[in-house]
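Q: I am new to this structure and would like a close look at a single part of it. Could you walk me through one strand and its surroundings, starting from the chain as a whole?

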Amino acid sequence: MKTGMSTNSLEAGDPAPQFQTIDASGEKVDLANYKDDFVLLVFLRYAGCPWCNLAIHRLSIEHNLLVKNGCRVLTFVQSTTENVQKNIYDRHDNRPPFPIIADQKRVFYDQYAIKTSLKAAAKSVIDIPYWLQSVFKHGHRQVDVDGNMLLVPAQFLVSPGDQKIVLADYGSSYYEHETFTAIYEHLTFDRN
């Protein structure tokens, strides 16, 4: 699904742009090393964003089921490594069980054609109940804005083997069950 992005947005059938980097824990991450599994690439705003922390919380809850279905998770935030440590690792009751890549310069965001949009940011006002849940239930208050608040979150499901994109979703919402339904449908039906 593509939502209002320019023609250079990635879509199903495109090869996943390859990358090698170090995650916020200091571990090497190379997309080519994940060829045996599906990979869910998740691009969020920044480490201090309440919505993004709630998305990380939801991904952490789904993680075991994703792994059982042959899918690994890699998450990107446009923050410094220090802010990932302070605003994600130190604030979540359980440390997220997947790599989080600090990409404040948006190198990988650019590879995956992640854009900013005032219209999409304004649309997030409808997600205020989720923001309140993140802030008051989980304690993820707004702190350290070290990324662009207008960034449109996105996700890409990459196939095993040839590492092509099987699902491209610009404007992902991890509060909607349909987001995970689409992922699990692809994990079930898109096996090579």
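A: Happily! Let us begin with the outside: the protein chain has an accessible surface of about 9200 Å², and carbon and sulfur atoms make up 52% of it (areas come from the Shrake-Rupley method with a 1.4 Å probe, and for residues only the protein chains shown count as cover). This is a predicted model, in which local features need pLDDT of at least 70 and side-chain atom pairs count only at pLDDT 80 or more, while totals for chains, interfaces and linings use all residues. Residues are numbered from 1 along each chain as its sequence is written, and side-chain values use heavy atoms, with hydrogens and water left out.

Of the 192 residues in the protein chain, 51% are buried, meaning under 20% relative accessible area, with exposed being over 50% and partly exposed in between (1.4 Å probe, protein chains only). Among contacts with a separation of 6 or more, 77% link residues 24 or more positions apart; a contact means heavy atoms within 4.5 Å. The protein chain holds six helices and seven strands. These are DSSP runs numbered from the N terminus, with helices being H or I of at least four residues and strands E of at least two. Along the sequence, their order is β-β-β-α-β-α-β-α-α-α-β-β-α.

Now for the part itself, strand β6. It covers residues 154-158, and five of its five residues are buried. In a regular strand, side chains alternate between the two faces of the sheet. Here A154, F156 and V158 point one way from β6, while Q155 and L157 point the other way, and all are buried.

Which strands pair with β6? One is β3 (residues 38-43), which runs antiparallel to β6 and is joined to it by five bridges; two strands pair if DSSP finds at least two bridges between them. Another is β7 (residues 165-170), also antiparallel, with five bridges to β6. F156 is a good residue to find on your screen: its bridge partner in β3 is L41, and in β7 F156 stands opposite A168.

Finally, follow the chain from β6 into β7. The two strands form a hairpin with six residues between them. In that turn, G161 has a positive phi of about 75°. To retrace the picture, start at F156, look across to L41, then look to A168 in β7.
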